[in-house]
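Trainee: I'd like to zoom in on one part of this model and really get to know it. Could you walk me through it slowly?

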Amino acid sequence: MRHKITFIPGDGVGPEVARAAQRTLEATGVQFQWDTAIIGSQAQDMFGTPLPGSALESIKRNKIAIKGPVTTPIGTGFRSVNVAVRKKLDLYACLRPYKTYPGVHTPYKNVDIVVVRENTEDLYSGIEFARGDQETAKLLELVVHATGERIKKDSAVSLKVISQAASERITKFAFEYARQNGRKKVTAIHKANILKFSDGLFLDTARKVAKSYPDIEFTDMVLDATCMQLVRRPQQFDILVLPNFYGDIISDLCAGLIGGLGLAPGANIGNDIAVFEPTHGSAPKYAGKNRANPIATMLSGVMMLHHLGEKNSANRLEKAITDVITEGKSVTYDLKFDPNDSNAVGTSQVADAVIEKLRQAEK
Ligand code: NAD
């Protein structure tokens, strides 16, 4: 069967890592029909919008996409296209498995953590009030009126929105994932001691959902304590379920534990659509230099193969990637003990090495 997939190269290092992942996916022998869609600044130049309707239509039609990262201008310019894709397609669950592969230079062994990040609300809801705007003044009035609290007039405000419905579906997703994948424990991460209403609602909802899953252990932990515990003893964690903003930060922390962003895959999953993409961004300083590590995107491809029901090919591809990492020869600078090691190879050479391992395994 030929799988129709929307292929989004992205920008920065995106096109290089996405193409490398695409080549390894093809080398598994699984049949794909790629439908390329452009989003981000290139789409802005071509179509006058960073997120053209045709790209969204392609994802809706195919139900599955693999995507390179896309740059978001800092402070000004268009809002994150990555966040927009997740919101518009209601890809409410961000799934990011982080595990240590043998041969990676990291002080941590046997890390195997799955981050389940809520993907549609929290500080990422994009509801913001700029300093000096009329709407901001009205909001500040409303706050004084409702609470007696006076916010400084020169403030900007971003809303942290947490709903019961979104908290319920993300914690259910985490527990269902635990059941389907033989996982033992779900930990909800929050700051409910301070944010009593927003994070309080998230925690309360998670506790209620947990009652329907007596076979899975449930715990909760305050965000700051979690950071310390992750660095001290990451092996105690299994699945973490978090509101959007904390999920973003903890994802990078977990990537650090397993050897860096170059090894950190991910997926954005909704009821019937899934978009696979690495945790990392577009790393603009390496754009076009054949330097970025494509393994995070390749491992996102492994997740995609599992999603497609191509279990055997997923396992073969992951094994080929693991062999390349363990051997330590055909890896990019970030996986070398010394990042300046002149023996580090480029993005496309990592793909060559993974494809060669797939071929050898076939013999
Ligand atoms: P980044 O993840 O792009 O890069 C941070 C640093 O991590 C890089 O400078 C590099 O040293 C390292 N790194 C990242 N990916 C790597 C790889 N594949 N191989 C080797 N090293 C790698 O984070 P940033 O610099 O904060 O963000 C750059 C842009 O990407 C921003 O515009 C940001 O908004 C965007 N971004 C996009 C996504 C997405 O598309 N989903 C996610 C995060 C950030």
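In what kind of crossing, left-handed or right-handed, does helix 1 pass helix 10?

Mentor: Happy to, and keep in mind that this is a predicted model. The crossing of helix 1 past helix 10 is right-handed. To find the two on screen, look for residues 14-27 for helix 1 and residues 295-307 for helix 10. They pack at an angle of about 45°, and their axes are 8 Å apart. Angles from 35 up to 65 degrees are neither roughly parallel nor roughly perpendicular, so helix 1 and helix 10 count as oblique to each other.

Now turn to the residues that touch. On the helix 1 side they are Val17, Ala18, Ala20, Ala21, Thr24 and Leu25. Helix 10 answers with Thr297, Met298, Gly301, Met304 and Leu305. Sort the residues of this contact by class and you get 8 nonpolar, 3 polar and no charged.

Helix 1 has another partner, helix 12, which covers residues 347-362. Here the angle is about 10° and the axes lie 9 Å apart. An angle under 35 degrees counts as roughly parallel, so that is the word for helix 1 and helix 12. Helix 1 brings Glu16, Val17, Ala20, Arg23, Thr24 and Ala27 to this contact. From helix 12 come Thr347, Ser348, Ala351, Asp352, Val354, Ile355, Leu358 and Glu362. The classes here are 7 nonpolar, 3 polar and 4 charged residues. So charged residues do take part in the contact with helix 12, while the contact with helix 10 has none.

Let's stay with helix 12 for a moment. Its 16 residues reach 24 Å from the first C-alpha to the last, close to the 22 Å expected at 1.5 Å a residue. Its buried residues are Thr347, Val350, Ala351, Ala353, Val354, Ile355, Lys357 and Leu358. What do they pack against? Helix 1, helix 10 and helix 11. That brings both helices of your crossing back into the picture, since the buried residues of helix 12 pack against each of them.

Helix 11 deserves a quick look too. It spans residues 311-327, and threonine 322 sits in it. With a relative accessible area of 17%, threonine 322 falls under the 20% cut-off and is therefore buried. Leaving aside residues up to four places away in sequence, threonine 322 touches Tyr101 and Pro102.

One last stop is the loop between strand 12 and helix 10, where you'll find asparagine 290. Its phi is positive, about 55°, although asparagine 290 is not a glycine. Most residues other than glycine have a negative phi. At 29% relative accessibility, asparagine 290 counts as partly exposed.

Technical notes
Residues are numbered from 1 along each chain as its sequence is written. This is a predicted model: local features need pLDDT of at least 70, side-chain atom pairs count only at pLDDT 80 or more; totals for chains, interfaces and linings use all residues. Side-chain values use heavy atoms; hydrogens and water are left out. Axes are lines fitted to C-alpha atoms, for helices over the stretch in contact, and angles run from 0 to 180 degrees between N-to-C directions. Helices (H or I, at least four residues) and strands (E, at least two) are DSSP runs, numbered from the N terminus. Angles under 35 degrees count as roughly parallel, over 145 as roughly antiparallel, 65 to 115 as roughly perpendicular and the rest as oblique. A crossing is left-handed if the near helix is turned anticlockwise from the far one by less than a right angle, and right-handed if clockwise. Contact means heavy atoms within 4.5 Å. Ala, Val, Leu, Ile, Met, Phe, Trp, Tyr, Cys and Pro count as nonpolar, Asp, Glu, Lys and Arg as charged, and the others, Gly among them, as polar. Buried means under 20% relative accessible area, exposed over 50%, partly exposed in between (1.4 Å probe, protein chains only). The expected span of a helix is 1.5 Å times one less than its number of residues.
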